[in-house]
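Colleague: I'm still learning to read these models, so could you take me slowly through one small spot? After that, please link it up with the rest of the chain.

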Amino acid sequence: MDVNQAKQEHLLALKVMRLTKPTLFTNLPVTCEDRDLPGDLFGQLMREDPSTIKEAETLMLGEMLTLPQNFGNIFLGETFSSYISVHNDSNQVVKDILVKADLQTSSQRLNLSASNSAVAELKPECCIDDVIHHEVKEIGTHILVCAVSYTTQYGEKLYFRKFFKFQVLKPLDVKTKFYNAETDEVFLEAQIQNITTSPMFMEKVSLEPSMMYNVTELNTVTSGNDGESTFGKMSYLQPMDTRQYLYCLKPKPEYAEKAGVIKGVTVIGKLDIVWKTNLGERGRLQTSQLQRMAPGYGDIRLSLEMIPDTVNLEEPFDIICKITNCSERTMDLVLEMCNTRSIHWCGVSGRQLGKLSPGAFLSLPLTLLSSVQGLQSISGLRLTDTFLKRTYEYDDIAQVCVVCPYTSNEC
């Protein structure tokens, strides 16, 4: 019974065609100099060729469009479109025709049919047409399953299926790097490489931050009132080319003072990439949530809120330190200042800072001077928690440029 059913010729014919935009027709121009034997023969033939551009016959691109000659490549993030046609090749009227299109991926099966209702009848030499669309969100093997069921005029119910297998390729290679600043700022560097065989127009590359952060794009150069992209006016990415994007994330004000919360945040956000290929075919790709390694601040975090870029030799200057309790217990802190070879602290060492509750911080103004010129490292601060008798030392807190305010001879 199964063998006879497999050999049975159906009254309906199923045809499936992928819908893609055509490409510009290209030709290979052949030219020669006027003094050569052919003379102007090649030029005349190109001017008479209907596929060339008038008064620009030597260009490879013509004015005509070429229909796709094969299935082509499908990339992740693009929209897969297909035309499905069921034609009645017989001389009978067929009834209760139901056309169903499913897309089978490695993880799920999707119904792409616009309508799941049956067509009452289909006369000879008539057809049922449908166009399906699907935004491709998985790479790997995809199978388009088209099934047709119908009833003959004698009441016999028939059914057949066809399978169309294709591969979805990866269009972009995205790599990310995180940089944790001395403050709570996080810098994200995204490297995007075009791994297709055709150029792309990068319409948008943005970062959608998580709920705790605000983001600033650092991919423009300010010129007057307008900002110009660092990649120029024509944002094309050639095959195998790589482009780097930079973003700065700052904690929202309601989270900025919660050191324990910001310390443990690993989810930063996700990249949203939109591009266009030949003749404006659009693709979109969103990454999964980007995660960073949470910085290890320890129990106490010491950072600088204010420090001058340049200071004078042997002249006092002020800095403001921010001390944050990143632990889950209250601390009673004592500050000690130890001089180094080049840095000398001004003030009383061993001063009591008082109690600091979990997640709280205090701003501490300090004065110091440098006895050596050049780029000097600020070191020598020590904090002691009197409750646990635990000491925390901080070296290389920051660097400052020390210059001599006089001439080189006087220094």
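Colleague: Where is glutamate 314 found?

Modeller: Sure, but keep in mind that this is a predicted model. Glutamate 314 sits in the loop between β24 (310-312) and β25 (317-325). Its backbone has a quirk: phi is near 60°, a positive value, and the residue is something other than glycine. As for its surroundings, glutamate 314 counts as exposed because its relative accessibility of 55% is over the 50% cut-off.

Now let's find a second residue with that quirk. Aspartate 96 also has a positive phi, near 50°, and again it isn't a glycine. Aspartate 96 doesn't sit in a loop, though: it belongs to strand β6. With 46% relative accessibility, aspartate 96 falls in the partly exposed class.

Since we've landed on β6, let's see who its neighbours are. Strand β6 covers residues 94-104, and it pairs with β8 (residues 119-122) in the antiparallel sense through three bridges. One of the residue pairs to look for is lysine 95 with its bridge partner, glutamate 121 in β8. Strand β10 (residues 140-151) is another antiparallel partner of β6, and here eight bridges do the joining. In that pairing, look across from aspartate 102 and you'll find valine 145 of β10. Then there's β7 (residues 109-111), again antiparallel to β6, with three bridges. Leucine 103 has leucine 110 of β7 as its bridge partner. Follow the chain from β6 to β7 and you trace a hairpin, with four residues between the two strands. While you're tracing strands, here's a handy rule: in a regular strand, side chains alternate between the two faces of the sheet.

Let's zoom out for a moment. You'll have plenty of strands to practise on, as the chain has 33 of them, along with four helices. There are 411 residues, and 36% of them count as buried. Take the contacts between residues at least 6 apart in sequence: 69% of these join residues at least 24 apart. About 24200 Å² of the chain is exposed, and carbon and sulfur atoms supply 51% of that area. For a nonpolar bit of the surface, look at Met17, Leu19 and Val131, which make a patch of about 230 Å². Valine 131 belongs to strand β9 (residues 127-135), and its relative accessible area of 37% puts it in the partly exposed class.

Next, the charged side chains. The chain has 13 salt bridges. In one of them, lysine 250 meets glutamate 185, with N and O 3.5 Å apart. Lysine 250 is in strand β19 (residues 242-251) while glutamate 185 is in the loop between β12 (172-180) and β13 (186-194), so this pair ties together parts 65 residues apart in sequence. Both ends are partly exposed: lysine 250 has a relative accessible area of 40%, and glutamate 185 has 22% relative accessibility.

Glutamate 393 and arginine 382 make another salt bridge, their closest N and O atoms being 3.4 Å apart. Glutamate 393 lies in strand β32 (residues 390-394) and arginine 382 in strand β31 (residues 381-385), so here the parts tied together are eleven residues apart in sequence. Glutamate 393 is exposed at 54%, whereas arginine 382 is partly exposed at 25%. Salt bridges can also share partners, and in that way Asp299, Arg329, Asp385 and Arg390 are joined into one network. Lysine 170 and aspartate 173 form a salt bridge too, at 3.7 Å from N to O, and lysine 170 is partly exposed at 43% relative accessibility.

Last stop, the cysteines. The count of disulfides is zero. Cysteine 321 is buried because its relative accessibility of 1% is under the 20% cut-off, while cysteine 338 is partly exposed at 26%.

Key:
Residues are numbered from 1 along each chain as its sequence is written. This is a predicted model: local features need pLDDT of at least 70, side-chain atom pairs count only at pLDDT 80 or more; totals for chains, interfaces and linings use all residues. Side-chain values use heavy atoms; hydrogens and water are left out. Two strands pair if DSSP finds at least two bridges between them. Buried means under 20% relative accessible area, exposed over 50%, partly exposed in between (1.4 Å probe, protein chains only). Contact means heavy atoms within 4.5 Å. Accessible areas come from the Shrake-Rupley method with a 1.4 Å probe; for residues, only the protein chains shown count as cover. Patches are made of residues with over 30% relative accessible area and no salt bridge: like charges are joined within 9 Å, nonpolar side chains (Val, Leu, Ile, Met, Phe, Trp, Tyr) within 5 Å. A salt bridge is a side-chain nitrogen of Lys or Arg within 4 Å of a carboxyl oxygen of Asp or Glu. A disulfide is a pair of cysteine sulfur atoms within 2.5 Å.
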